[in-house]
Amino acid sequence: MSATSTPLFDLVQNPAPATPVVPTATDVRYGVATSDKNPNPLPLLLQPLKIREVAFKNRLWVSPMCMYSAKDGFTNDFHLMSYGQLAIRGAGAVVVEGRVTADCLGIWKDDHIPGLRRFVDFSHNFNTAIGIQLAHSGRKGSCIPLRMYGTRPTLKLDESEGGWPENVYGPSATAYDDKHWTPKEMTLEQIEDVQQAFVDAAVRANKAGFDFVELHGANGYLLNQFYSRLTNLRTDKYGGSFENRIRFLVETTRKVRKALPAEKPLFVRVSGSDCVEGGWDVEDTAKLAEILRDEGADFIDVMSAGNDPRQKIAHAPSYQVPLTAAVKAAVPDVLVGTVGCIDNGKQANGILEEGKADIVSAGRKFLRDPSFVYQAAKDLGVFVKWNDQYERSRE
C-alpha cells in the first residue's frame with residue numbers, strides 16, 4: 001500500500017481501545033471480567049486528559065525511542081508496524097522518534113511528509129493521539145546507531161557511511177568523549193538557522209497530521225548542551241548566566257509555538273539533572289519549566305543524564321520520578337511527565353495519584369509488551385475496550 005492510498009476497509013474503532021467499558025454478563029461469566037462494574041472513580045492512569053484541543057484517552061504514553069531503521073529519514077513498513085502495533089493496543093499517546101543518527105526518521109524535507117502521514121492516519125483510526133519529537137544531536141551527532149555499539153572502538157560515523165563529521169556543531173568546541181567527533185562552536189547565524197529548522201520541521205509535522213510536537217531538550221542533545229554549564233562554555237549572549245544558557249531553548253520554544261496552530265499542544269523534553277556534581281540540577285529544571293510554560297509549552301517531560309560521561313545513574317524502579325515530583329511541587333500548574341523503569345499499572349497509577357506527575361511514559365516496557373496498557377488496566381481491576389481485531393484473545 002502506498003503512502004497516499006486508503007485502507008481497504010474501515011478500521012475506525014468506537015469506542016477507542018483502552019476506553020473503560022462496562023463488562024457484559026458474558027464477560028463476567030467467562031471470567032474475562034472480575035465484576036460487572038469498574039472502579040468509581042477510575043484510577044487516574046486511565047482517566048482521559050485534554051491538552052489544548054487534543055484529547056488523550058489515558059495517561060500511559062509511549063516514550064519516543066529511536067529505531068535506527070530509516071534510510072535518508074524516510075519511513076518504511078517497519079515503522080508502520082512498530083508504531084501501529086502500539087497505537088492499536090490502547091496507548092494514550094505515541095511519540096515518534098527524533099533524528100539523532102543517520103538511521104533515524106527525519107522530517108527535514110517535505111518529501112518525508114507522506115510517509116509520516118501514513119502511520120499518523122493509522123493511529124487516528126484507533127483514536128490514539130500521535131506526536132513527533134524534533135531533535136538535533138549537536139556534539140553527539142554523526143555517530144553509529146545503537147545496534148553497532150561494541151562492534152568498533154569508536155562511535156564516529158564518517159561520510160562514507162552517511163555521517164556528517166564536518167557538520168557536527170555544539171555550543172562549544174568540546175567533544176562528549178574521545179569516541180565522538182569534536183564539534184565546531186556554533187556561530188550566531190548557525191543558531192538562528194537551526195532554530196528556523198526546528199520551526200520548519202514543526203510546520204511539516206502539522207502538515208503530516210501529528211497531534212502535537214515535542215522539542216527534545218534532554219539526553220545531552222543540542223538544546224540540552226546549551227543550557228548545561230558543563231557543555232556550554234560560551235561568553236556571548238548564549239553562554240555564561242542561567243538566563244543566557246537557556247536562551248537557545250526558550251527562543252526555539254517561542255518560535256515553534258508561534259508556528260503551530262493554537263489548538264495543537266507543544267511539549268518539551270528536558271533534563272532534570274546532568275547527574276554530575278556541579279552540573280545542571282533539578283532546581284534549574286523547575287525554573288526552566290516555569291519559563292517554558294510562559295512561552296507556550298503545554299507539557300514538560302522530565303528525564304536525566306546523557307550530557308556528560310561522568311554521570312552517575314542509579315537505575316531502579318521509578319528512578320526518574322523524584323526529579324519530576326520536585327518540578328511538579330515547585331511549579332504545580334505545569335503538566336509534567338516522568339519515565340524510567342515503570343513496568344506495571346499499580347506502580348504507574350501510584351505515581352499519578354500521589355501527585356508526582358501528570359503523565360507516565362514508558363519505552364522499553366512497550367517494546368517488550370505492546371499491550372502494556374491492557375495489562376495495566378488488568379492490574380488496576382479496570383475492564384477496558386480492546387481493539388476489535390484482538391478482543392477475542394482476552395485471557
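Student: How do the residues lining the largest pocket divide by class?
Tutor: This is a predicted model, in which local features need pLDDT of at least 70 and side-chain atom pairs count only at pLDDT 80 or more, while totals for chains, interfaces and linings use all residues. A pocket is an open set of points on a 1 Å grid over the protein atoms alone, with protein on both sides within 12 Å along at least five of seven lines, and lining residues have an atom within 4 Å of a point. For the classes, Ala, Val, Leu, Ile, Met, Phe, Trp, Tyr, Cys and Pro are nonpolar, Asp, Glu, Lys and Arg are charged, and the rest, Gly included, are polar. The lining of the largest pocket then comes to 23 nonpolar, 15 polar and 7 charged residues.

Student: Which element supplies the largest share of the lining of the largest pocket?
Tutor: That lining has 45 residues, with Y68, L146, N219, M303 and R364 nearest the pocket's centre. Both β12 (359-362) and α11 (364-368) supply at least two residues (helices, H or I, of at least four residues and strands, E, of at least two are DSSP runs, numbered from the N terminus). The largest share is 4 residues, and they come from α11.

Student: And which element gives the most to the lining of the second largest pocket?
Tutor: The second largest pocket has a volume of about 690 Å³ (the space filled by 1.4 Å probe spheres set on grid points joined across faces, edges and corners). It is lined by 27 residues, and R99, W108, A135, H136 and A197 are the closest to its centre. Two elements, β5 and α4 (188-207), give two or more residues to this lining. With 7 residues, the one that gives the most is α4.

Student: Is S137 buried or exposed?
Tutor: You will find S137 in the loop between β5 (129-134) and β6 (169-170). Beyond its neighbours within four places in sequence, S137 has contacts (heavy atoms within 4.5 Å) with V100, W164, G220, Y221, L222 and Q225. Its relative accessible area is 5%, so S137 is buried.

Student: What is the relative accessible area of D284?
Tutor: D284 belongs to helix α8. Leaving out residues up to four places away in sequence, D284 touches R229, F242 and G279. Buried means under 20% relative accessible area and exposed over 50%, with partly exposed in between (1.4 Å probe, protein chains only). D284 is buried, at 7%.

Student: Within what arc do the buried residues of α9 fall?
Tutor: In α9 (residues 321-330), the buried residues are V321, L323, T324, V327 and K328. They line one face of the helix because, viewed down its axis, the directions from the axis to their C-beta atoms share a limited arc. On the other side of α9, P322 and A329 are exposed, while the buried residues pack against α8 (282-294), β10 (299-303), β11 (336-338) and α10 (345-353). The arc is 160°.

Student: How many disulfides does a search of the whole structure find?
Tutor: Residues are numbered from 1 along each chain as its sequence is written, and side-chain values use heavy atoms, leaving out hydrogens and water. A disulfide is a pair of cysteine sulfur atoms within 2.5 Å. The sulfur of C275 is too far for a bond, since the closest cysteine sulfur, in C341, is 13 Å away. For the whole structure, the number of disulfides found is 0.

Student: Which cysteine has the sulfur nearest to C104?
Tutor: C104 is buried, with a relative accessible area of 0%. C104 is in no disulfide, and the nearest cysteine sulfur, 3.7 Å away, is that of C66.
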